[in-house]
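Let's take a walk through a protein structure together, one step at a time. Have a first look at the picture below, and then read on.

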Amino acid sequence: MGKVNDPLALSIRAAGGLLRSGQTTAAELTRLSEARIRACDPGLNAFLSLRPAAASQAAAADAALAQGTAGSPLAGIPLAHKDMFYRTGETTTFGAHPAFWKQAEITSAVKAGLDHSLAVDMGTLNMSEFAAGPTGENVHHGRCANPWATDRLSGGSSSGSAAAVAARMIYGSIGSDTGGSIRVPAALCGVTGLKPTYGRVSRHGAMARVWSQDSIGPIARSAEDCALLLQAIAGPDPRDPLSTLTAPPFEPRLHDVRAIRIALPHALLAEADDDVATCFSAAIQALAAAGAHMDTVRWTDVDAIHALAEVTHKAESTALHDNQLSAHPGKYGAFVRQRFEEGALIPAVRYLQAQSLRPAMVERFLREVMQSCDAVALPTVACVAPVARSLEDDIDANRQLLGRLTRYTRPFNYLGLPALTVPCGFGRDGLPVGMQLVGRPFDEATILRIGHFYQTLTDWHHRSPDLSRARPGAGKATAA
Amino acid sequence: MTSPDPLPLDRQCAHAYRLDERRLLDISGRTARLAAQVSELARDLDLDCHPWEFGAALVELGARHGQG
C-alpha cells in the first residue's frame with residue numbers, strides 16, 4: 001500500500017491494517033488526531049478536554065503491536081467519548097454546571113473494555129446537559145456545531161461524539177441513547193450510530209439519564225466500525241445485573257448476505273420532510289435492487305408508545321434530580337430544569353403501568369410489525385439539521401423541536417430494541433439524512449449486517465464535510 | 001406534638017421547585033393528559049405483569065421470535 005493521504009479518513013478496520021503492517025504507529029495516529037482536534041475543534045466545540053495520558057496509551061499499544069500481542073482491532077485507534085463515563089481520577093462533567101462535576105473513583109465498564117482493547121482515549125466530548133435534549137445545545141459548555149454547516153444543530157445528546165467522528169478528529173466514540181441520543185446526532189452529522197438492545201452493554205460507571213431506557217453504544221463512520229466497537233464493550237458485567245441476563249452474545253456476521261426482509265411502516269413515513277423521504281426512498285430502492293424484500297406494514301402503536309415513554313422519562317428524570325433541582329435550580333439550564341420538574345406529579349400507578357406494559361408492547365411490535373421481517377426501516381430523523389437558535393426561553397418551541405427530532409427514535413428505547421442509523425444521502429442545503437434499521441431483541445448482528453450491506457452499495461458514509469469554513473467559536477457563539 | 005398536615009402534592013411540588021401558579025397549572029395539565037392516556041392503555045393489563053422483569057422479558061421475546 002502506498003502512502004495514505006489522510007489516515008484519519010480511514011475506517012477503524014483500515015487504520016488497524018496500517019498499524020499491523022507497520023505502515024504507521026499508534027503514536028502517529030494519536031499525533032494526527034490531536035493536531036486535527038486542535039485545528040478544527042475551535043470551530044465545532046465537540047471536545048471538552050484532551051487527555052495528556054493518550055500519548056502513553058498509544059505507546060502501550062505500539063509496544064503490544066510490535067510484540068504481536070495486540071489482539072483487538074481497536075489497538076492503537078484514537079477514540080474519544082461522551083463526557084458521562086467515569087475514569088478513575090479524572091473529572092466527569094455530564095455536560096452540566098461545574099457544581100455537578102465529579103472526580104471519578106471508578107472507571108466505567110465501557111472505558112475499561114476499550115482500555116483492555118488498547119484503544120487510545122483522546123479526551124472527553126461535549127454533550128447535552130445531563131444527556132437531556134436532542135439538539136446539541138448546551139448553556140454551560142456552548143453548543144456543539146454541525147460539521148456540515150456550523151450554523152446548524154449537531155443533534156444530541158451525544159453531540160460531540162457525532163461531530164468529532166464526522167470531522168475525522170477521531171475514528172469512533174461511545175455515546176448513550178435514551179430517546180435518540182446516539183441516532184439523532186449521528187444522522188444529522190452524517191455518521192453511523194448504534195443503539196444496542198437495552199441490557200446489551202453494562203452501564204456501570206455511566207451517568208444514568210432514564211435508567212429503564214438508557215443504552216450505551218457506538219458512533220463511528222460505518223456499520224463495520226460500530227460492530228468492532230460494540231464487540232469491545234458488550235457482554236455481561238455483574239456490576240450491571242441487566243447485562244448478565246442470558247442474552248445471546250454479540251457476534252458480528254457482516255458477510256452473511258442471505259436474503260434480507262425489511263418492513264416499512266408506510267403511514268409513519270409520510271411525516272418526514274420531502275427531502276428526507278426522497279433520500280430514504282432511494283436507500284430502500286437501492287436495497288431492493290440488490291435483492292432485499294420489502295413489506296409495507298401498519299404500526300398503530302407509535303403514539304401510545306410515545307405517551308408511555310414520556311411518563312417514564314418524566315418520572316425517572318425527576319426522581320434522579322429531585323434533590324438537586326430543589327437545592328440548586330439555578331444551576332440547571334432553563335429548559336432542562338423545566339423538563340426535569342415535570343415528573344413531580346406523575347402518579348406512581350401510571351409510571352408502574354407504563355413499565356408493566358413494556359413486554360406486551362414489544363411482543364405486539366414483534367408480532368404485528370416484524371413478524372416476517374429481519375428489520376424495520378424508517379428515517380432516523382424527519383428533517384435535516386435545523387438552524388441553531390437558542391430556545392432556552394421558549395419552552396413550547398423547544399418542546400416542539402424535541403418531539404420532531406425524536407419522533408422516529410424514542411419508541412425503540414421504550415421497546416428496548418436495537419436500532420442503527422446509517423447515512424443515506426443529503427437533503428436540502430446539502431445536509432445529511434439517516435436511515436434507521438430496527439432489529440429484534442439482541443439481534444444487533446442483523447441490523448449491522450444490513451447496514452454494512454447498504455454501505456457496500458453506497459458511499460454516503462465516505463463523504464466528509466469541508467471544515468475550512470468552520471470559524472473558531474462557531475458553536476459557542478450561538479449558545480445561550 | 002403532631003406535625004401540621006403536609007401541603008397537597010401539587011403545592012409541595014410548587015414549593016420545592018419554586019414554580020409559579022401558571023407553571024404549576026401547565027405541569028398539572030400535561031400530567032393529567034399523559035396519565036389519562038396511560039390509564040387507558042393499561043385497561044387490559046394482565047395481572048401477571050412484573051414491571052422489573054423487562055430485561056428478562058426481552059431475552060425471552062428475542063428467543064421466542066427468533067433472530068434474523
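**A helix with a hidden face**

Let's begin with helix α13 of chain A, which covers residues 358-368. Its buried residues are A:Arg358, A:Pro359, A:Val362, A:Phe365 and A:Leu366. Seen down the axis of α13(A), these buried residues fall within an arc of 125°, so they line one face of the helix. A general rule helps here: an α-helix has 3.6 residues a turn, so residues three or four places apart point the same way.

What covers the buried residues of α13(A)? Among the covering elements are α12 (348-356) and α15 of chain A, and α3 (54-65) of chain B also takes part. Please keep in mind as you read that this is a predicted model.

Now step back to the whole of chain A. Its secondary structure comes to 17 helices and 15 strands. The radius of gyration of chain A is 21 Å, close to the 23 Å that the globule rule gives for 480 residues, so chain A is as compact as a globular protein of that length. Along the principal axes, its C-alpha trace spans about 60 × 55 × 45 Å. Of the 480 residues in chain A, 61% are buried. Contacts also link distant parts of the sequence: among those in chain A between residues at least 6 apart in sequence, 78% join residues at least 24 apart.

Chain A can also be read as domains. The domain assignment gives domain 1 (7-299 + 356-477) and domain 2 (304-351). The C-alpha centres of these two domains of chain A lie 25 Å apart. Their contact takes 26 residues from domain 1 of chain A and 17 residues from domain 2 of chain A. On the domain 1 side, the elements that give two or more residues are α14 (395-406) and α15 (411-414) of chain A. Of the elements on that side, α15(A) gives the most, with 3 residues. By class, the side of domain 1 that touches domain 2 has 15 nonpolar, 7 polar and 4 charged residues.

Next, look inside. In soluble globular proteins, nonpolar side chains tend to be buried together. The largest nonpolar core in this model has 159 residues, and those with the most contacts inside it are A:Ala163, A:Ala164, A:Ile233 and A:Leu308. Which helix gives the most to this core? That is helix α7 (residues 223-233) of chain A, with 8 residues. Domain 1 and domain 2 of chain A both give residues to the core, so it lies between them. A:Leu308 is a good residue to find in the picture: leaving aside residues up to four places away in sequence, A:Leu308 touches A:Ala354, A:Leu357, A:Tyr414, B:Val38 and B:Leu41.

Two of those partners belong to chain B, so let's turn to that chain. Chain B has 3 helices and 0 strands, and read along the sequence it follows the pattern α-α-α. The radius of gyration of chain B is 20 Å, well over the 11 Å that the globule rule gives for 68 residues, so chain B is more spread out than a compact globule. Its C-alpha atoms fill a box of roughly 60 × 35 × 25 Å along the principal axes. Buried residues make up 22% of the 68 residues in chain B.

How do the chains meet? The contact takes 41 residues from chain A and 32 residues from chain B. On the chain A side, α10 (302-327), α12 and α13 are the elements that give two or more residues. The largest share of that side, 7 residues, comes from α10(A). By class, the side of chain A that touches chain B has 23 nonpolar, 9 polar and 9 charged residues.

Finally, a few details of the backbone. Phi of A:Phe94 is near 60°, a positive value in a residue other than glycine. A:Phe94 lies in the loop between β3 (91-92) and β4 (102-103) of chain A. Is A:Phe94 buried or exposed? It counts as buried, because it has 20 C-beta neighbours inside 10 Å. A:Asp429 also has a positive phi, near 60°, and sits in the loop between β14 (419-426) and β15 (432-438) of chain A. With 12 C-beta neighbours inside 10 Å, A:Asp429 counts as exposed. One more detail is the peptide bond from A:Gly156 to A:Ser157, which is cis, with omega near 10°. A:Ser157 is in the loop between β7 (149-153) and α5 (159-166) of chain A.

How values were computed: Residues numbered from 1 in each chain as written. Chains lettered and ligands numbered in written order. Predicted model: local features only at pLDDT ≥ 70, side-chain atom pairs only at ≥ 80, totals over all residues. Helix = DSSP H or I, 4+ residues; strand = E, 2+ residues; numbered from the N terminus. Core = buried A, V, L, I, M, F, W, Y, C linked by C-beta atoms within 7 Å. Domains from an automatic or database assignment. Contact = placed C-beta atoms within 7 Å. Rg over C-alpha atoms; globule rule 2.2 N^0.38 Å. Nonpolar A, V, L, I, M, F, W, Y, C, P; charged D, E, K, R; others polar. Arc of directions from axis to C-beta.
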